[in-house]
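Take a little time with the structure shown below before reading on. The explanation begins at a single residue and then widens, step by step, to the parts around that residue.

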Amino acid sequence: MEKKRYERPTLRKMNTGLMNKFGTKTENQPVTHIESVSVKGLMQKFGSPLFVLSERQIRRNFRNANRIFTTRYPKVQFAWSYKTNYLDAVCRIYHQEGSWAEVVSGFEYEKALKNGVPGNQIIFNGPDKSDEQLLIAARNNSLIHIDHYDELYTLIRLSEEHQLKPQVAIRVNMDTGIYPKWDRFGFNFENGQAWNALTRILNSNHLELVGLHCHIGTFMLSPSAYATAARNLCELAWSIKERFGKMVNYIDLGGGFPSTNTLKGAYLPGTDTVPSLDQFADAITDVILGYGFRPDELPTLILESGRALVDDAGYLLGTVLATKRLSDGRRATVLDFGINSLFTSFWYDHKVSPAQEPGQQTEETVLYGPLCMNIDVVRESIVMPLLEKGNQVVVHQVGAYNMTQWMQFITLRPAIVMIDEKNTTHVIRQSETMEYIDSLENVPTHLT
Amino acid sequence: MRIRKNIAVSDEGFLFNPTTGDSFSTNGTGALILHLLKQDKSVAEITETLCENFDADRILVERDLEEFTSLLKEYSLLD
């Protein structure tokens, strides 16, 4: 006689009272394959935990975003936000699709060059650019986005000393009606600082003003904020044209478009609340097209989108280490990955699916990581099927920021695999080893 | 270890404690364990029965049984 499928015994106290009108959200649909590749097979071959990226989804996202903007505006240029995910394999996909590089440090700048991006297609943002890096960027004709007056005067000095005329833009911060207002980067629009900086640049014989840049925030949920930003940059561009007879080549609205992840504390899931990319595109392009520029002088629209283009192409696969009951009766599930690998669990309630066919029963559980730290919580509360040691799970939408912000803390960082368009798997970053960690350390002779 | 005499247990795994007014639901595995406890079966015997009926590792069954009975104790459902 064939034995029945085993399910852990459960005992649930029945509570009386009003029912939750939204019901209990369950995420029990098993995810056994990613792009036709078996989840179980991936973990068997490459270990657990394991990051998985889908090349097909990355390209699909880029082409979709490009279509959305180019069907609304004649001159659009995407620049891949390196900090979102600077794995070479990922960057090269975006570059193959036609994306420039948007970098915020010398390290990222070097990476972009190494990935074959021509210097004049690298946008150099951020508040930290050394003299040496500024010189390299200037000589490469990169687009240097000036963040503060110290940088502006440093660049003027370097340009004079080295007889250069770098292509520059300024980063403008402004009140777009969102909270918190990002005013720590760039020059302020409302108090006239941005205009003063632009005047200084336009009066310099050593700087070539080519664009205007802003980045109003991250995970923005309000398309109207982008309309405000676009209007303010258009106003600056128009003033430059009027006063100096020069039209800027581009308006760069930065990134900040959200993915459909669910932010912590959100009442409804991200899939229900996040505006579509079309709505952002409408808000931006309507303003620029309607501002009054002649068709031949319309500035190129640069977008530095990262998260919206890569988040849903990334998965984190992991294994249940243990299940237990907490003192207050809640179920707790300990996974083999935690906040060290899944940094975004600090601000998202990530969707987590079982990787095997679940039983009928579900229960509310806390998902903990493996770290011996109280803060290591992947989900504070999630309704899952009855999990047991050895079961596998799939975390969705982890492509953005995790593979750059992850920590080598307590455990070593896991491998990253990419599934290409022919469903072949490639290890694009090996799991860390003791030798790798040791190679960076030195022990003083008196301690050997 | 046995279920208190006054606790009503249905075949479907519904429990009612008339003393406190609390009611509980359990799944198929839980219902079978309660049924066996009602018959005064020992933990070893229940483990054996579960392993005979289900496709499960003995250690896992023992561990789950331990946790399930501790939960029954916590809810004052055992003598």
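Leaving out its neighbours within four places in sequence, Leu263(A) is in contact with Phe219(A), Gly270(A), Trp347(A) and Tyr348(A). Because the structure is a predicted model, these contacts, like everything that follows, should be read as features of a prediction. Leu263(A) sits in the loop between β13 and α9 of chain A, and it counts as partly exposed because 15 C-beta neighbours lie inside 10 Å, where 20 or more would be needed for a residue to be called buried. Distance along the chain and distance in space can also be set side by side here, for Leu263(A) and Gly290(A) are 27 residues apart along the chain while their C-alpha atoms are separated by 34 Å.

Thr262(A) is likewise found in the loop between β13 (250-252) and α9 (270-273) of chain A. Is Thr262(A) buried or exposed? Thr262(A) is buried, since 21 other C-beta atoms lie within 10 Å and the cut-off for a buried residue is 20 or more. When residues up to four places away in sequence are not counted, Thr262(A) touches Pro269(A), Gly270(A), Tyr348(A) and Asp349(A). Thr262(A) and Lys351(A) are 89 residues apart in sequence, and yet, from C-alpha to C-alpha, they are 8.2 Å apart in space.

From this loop we can step back to chain A as a whole. Chain A has 13 helices and 22 strands. Its radius of gyration is 25 Å, close to the 22 Å that the globule rule gives for 448 residues, so chain A is as compact as a globular protein of that length. Along its principal axes, the C-alpha trace of chain A spans about 85 × 65 × 45 Å, and 43% of the 448 residues of the chain count as buried. If one takes the contacts in chain A between residues at least 6 apart in sequence, 70% of them join residues at least 24 apart.

The next step is to divide the chain into its domains. The domain assignment of chain A gives domain 1, made of residues 33-53 + 312-434, and domain 2, made of residues 55-311. The C-alpha centres of domain 1 of chain A and domain 2 of chain A lie 33 Å apart, and the contact between them takes 22 residues from domain 1 and 22 residues from domain 2. On the side of domain 1 of chain A that touches domain 2, the elements that give two or more residues are α12 (402-405), β21 (415-419) and β22 (425-429) of chain A, with the largest share, 3 residues, coming from β21(A). Sorted by class, this side of domain 1 of chain A has 11 nonpolar, 5 polar and 6 charged residues.

What lies in the interior can be followed next. The largest nonpolar core holds 112 residues, of which Val52(A), Ala101(A) and Val172(A) touch the most other members. Helix α8 (residues 223-244) of chain A gives the largest share of this core, 9 residues, and the core draws at least three residues from each of domain 1 and domain 2 of chain A. A second, separate core of 17 residues includes Ile3(B), Ile7(B), Leu15(B) and Ile46(B). To return to one member of the largest core, Val172(A) touches, beyond four places in sequence, a set of residues that includes Gly186(A), Phe187(A), Leu212(A), Cys214(A) and Leu236(A).

Finally, we come to the place where the chains meet. How many residues of chain A are in contact with chain B? There are 15 of them, and they are in contact with 21 residues of chain B. The elements that give two or more residues to this side of chain A are β1 (4-5) and β2 (11-13) of chain A, and β2(A) gives the most, with 3 residues. By class, the side of chain A that touches chain B has 4 nonpolar, 2 polar and 9 charged residues.

Strand pairing also links the chains, for β2(A) and strand β3 (residues 22-26) of chain B pair in the antiparallel sense over 3 bridges, and within β3(B) the bridge partner of Arg12(A) is Ser25(B). This pairing belongs to an open sheet of 4 strands in the order β2(A)-β3(B)-β2(B)-β1(B), with antiparallel pairing. The edge strands of the sheet are β2 of chain A and β1 (8-9) of chain B, each of which pairs on one side only.

Conventions: Residues are numbered from 1 along each chain as its sequence is written. Chains are lettered from A and ligands numbered from 1 in the order in which they are written. This is a predicted model: local features need pLDDT of at least 70, side-chain atom pairs count only at pLDDT 80 or more; totals for chains, interfaces and linings use all residues. Domain bounds come from an automatic or database domain assignment. Two residues are in contact if their C-beta atoms, placed from the backbone, lie within 7 Å. Ala, Val, Leu, Ile, Met, Phe, Trp, Tyr, Cys and Pro count as nonpolar, Asp, Glu, Lys and Arg as charged, and the others, Gly among them, as polar. A nonpolar core is a set of buried Ala, Val, Leu, Ile, Met, Phe, Trp, Tyr and Cys residues joined through C-beta atoms within 7 Å. A residue is buried if 20 or more other C-beta atoms lie within 10 Å of its own, exposed if 12 or fewer, and partly exposed in between; C-beta atoms are placed from the backbone. Two strands pair if DSSP finds at least two bridges between them. The radius of gyration is taken over C-alpha atoms; the globule rule is 2.2 Å times the number of residues to the power 0.38.
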